[in-house]
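Reader: Hello! I have a structure open on my screen and would love a close look at a single part of it, with the surroundings filled in afterwards. Could you walk me through it?

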Amino acid sequence: MAKILIVYFSMKGQTIGPGMKIACQEKGNTKIAAEFIQKAVGGDLFEIKADRVYSQNHMVLIDEAKQELNAGTRVPVKRYPDALEQYNTIFLGYPNWWNTMPMVLFTFLEHYDWTGKRIIPFCTNEGSGIGDSVRDIKKICKGADVDSGASFTGSHVSSSEAKIAEWAKNRL
């Protein structure tokens with residue numbers, strides 16, 4: 001039986017909403033998706049937090065993210081989960097930033113030996129899909145079984161519980 005961890009990075013505040021308009025949210029889209037996955041398949045939930053403050057202004061945030069990506073910055077992680085070795089299935093959630101994961105995910109993934117783990121990526125975005133993130137995860141997580149993952153439209157996540165739950169159940 002799978003011992004499941006749902007680990008995710010999510011941003012609240014300004015985001016692109018329906019009609020590509022700026023919207024403000026109290027809870028990030030990726031966090032909502034992660035909670036739906038946990039409700040559907042069980043497991044433990046862990047939020048990755050960057051040890052830096054990002055702008056709440058979406059347009060400034062995307063510029064910050066682009067600078068980090070272009071510089072290859074490894075954004076520090078505030079804390080790591082205790083005893084990751086007890087999990088064999090990890091759902092890994094993040095927003096798509098510049099066609100891949102936020103740089104804090106690179107830092108997080110490079111911290112561990114993923115040999116023998118199953119990693120199931122999921123990302124939120126407004127139409128850019130999963131991008132190159134699965135390729136990047138495979139590069140970092142040598143020895144892991146990395147699933148093809150899924151992409152969920154951020155502005156529709158809160159009304160997509162059944163779709164996300166079905167996807168998660170079908171991954172196991």
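Is Asp-147 buried or exposed, going by its relative accessibility?

Author: Happy to take a look with you! Please keep in mind that this is a predicted model. Asp-147 counts as buried, because its relative accessibility is 6%, and buried means under 20%.

Let us stay with this residue for a moment. Asp-147 forms a salt bridge with Arg-171, and the closest N and O atoms of the two are 3.0 Å apart. Asp-147 lies in the loop between β7 (145-146) and β8 (150-153), while Arg-171 belongs to helix α5 (residues 161-171), so the pair ties together parts that are 24 residues apart in sequence. Arg-171 has a relative accessibility of 24% and therefore counts as partly exposed. The pair does not stand alone: salt bridges that share partners join Arg-118, Asp-145, Asp-147 and Arg-171 into one network. As general background, side chains of opposite charge can pair when their charged atoms come close.

From here we can look at other charged pairs. The count for the structure comes to eleven salt bridges. One of them is between the side chains of Lys-3 and Asp-44, at 3.7 Å from N to O. Lys-3 sits in the segment before β1 (4-8) and Asp-44 in strand β4 (residues 44-47), so this pair ties together parts that are 41 residues apart in sequence. Lys-3 is partly exposed, with a relative accessible area of 33%, and Asp-44 counts as partly exposed too, at 32% relative accessibility.

Another salt bridge is made by the side chains of Arg-135 and Asp-136, with 2.9 Å from N to O. In this pair Arg-135 counts as partly exposed because its relative accessibility is 45%. Asp-136, at 8% relative accessibility, counts as buried.

There is also a group of charges to find on the surface. Lys-12, Lys-49, Lys-78 and Arg-79 form a positive surface patch. If you would like to locate one member, Lys-78 is in the loop between α2 (58-71) and β5 (89-95). Lys-78 has 55% relative accessibility and so counts as exposed, since the cut-off for exposed is over 50%.

That loop has further residues to visit. Val-75 is also placed between α2 and β5, but Val-75 counts as buried, with a relative accessibility of 2%. Measuring along the chain, Val-75 and Ser-55 are 20 residues apart in sequence, and their C-alpha atoms are 15 Å apart in space. Ala-83 lies in the loop between α2 and β5 as well. Ala-83 has a positive phi of about 55°, although it is not a glycine. At 32% relative accessibility, Ala-83 counts as partly exposed.

A positive phi turns up again at Trp-98, where the value is near 55° in a residue other than glycine. You will find Trp-98 in the loop between β5 and α3 (103-110). Trp-98 counts as partly exposed because its relative accessibility is 40%.

Now for a buried residue in a strand. Val-7 has its place in strand β1, and it counts as buried, since its relative accessibility is 0%. Val-7 and Leu-92 are 85 residues apart in sequence, yet 5.2 Å apart in space from C-alpha to C-alpha.

Finally, a word on the cysteines, which may be handy at the bench. A disulfide is a covalent bond between the sulfur atoms of two cysteines. The structure holds zero disulfides. Cys-123 is in no disulfide, and its nearest cysteine sulfur, that of Cys-141, is 16 Å away. Why is there no bond between Cys-141 and Cys-123? The sulfur of Cys-141 is 16 Å from the closest cysteine sulfur, that of Cys-123, and this is too far for a bond, because a disulfide needs the two sulfur atoms within 2.5 Å. Cys-123 is buried, with a relative accessible area of 0%. Cys-141 is buried too, with a relative accessible area of 1%.

To come back to your starting point, Asp-147 counts as buried and forms its salt bridge with Arg-171, which counts as partly exposed.

Terms used
Residues are numbered from 1 along each chain as its sequence is written. This is a predicted model: local features need pLDDT of at least 70, side-chain atom pairs count only at pLDDT 80 or more; totals for chains, interfaces and linings use all residues. Side-chain values use heavy atoms; hydrogens and water are left out. Patches are made of residues with over 30% relative accessible area and no salt bridge: like charges are joined within 9 Å, nonpolar side chains (Val, Leu, Ile, Met, Phe, Trp, Tyr) within 5 Å. Accessible areas come from the Shrake-Rupley method with a 1.4 Å probe; for residues, only the protein chains shown count as cover. A salt bridge is a side-chain nitrogen of Lys or Arg within 4 Å of a carboxyl oxygen of Asp or Glu. Lys and Arg count as positive and Asp and Glu as negative; His and the chain ends are not counted. The place of a charge is taken as NZ of Lys, CZ of Arg, CG of Asp or CD of Glu. Helices (H or I, at least four residues) and strands (E, at least two) are DSSP runs, numbered from the N terminus. Buried means under 20% relative accessible area, exposed over 50%, partly exposed in between (1.4 Å probe, protein chains only).
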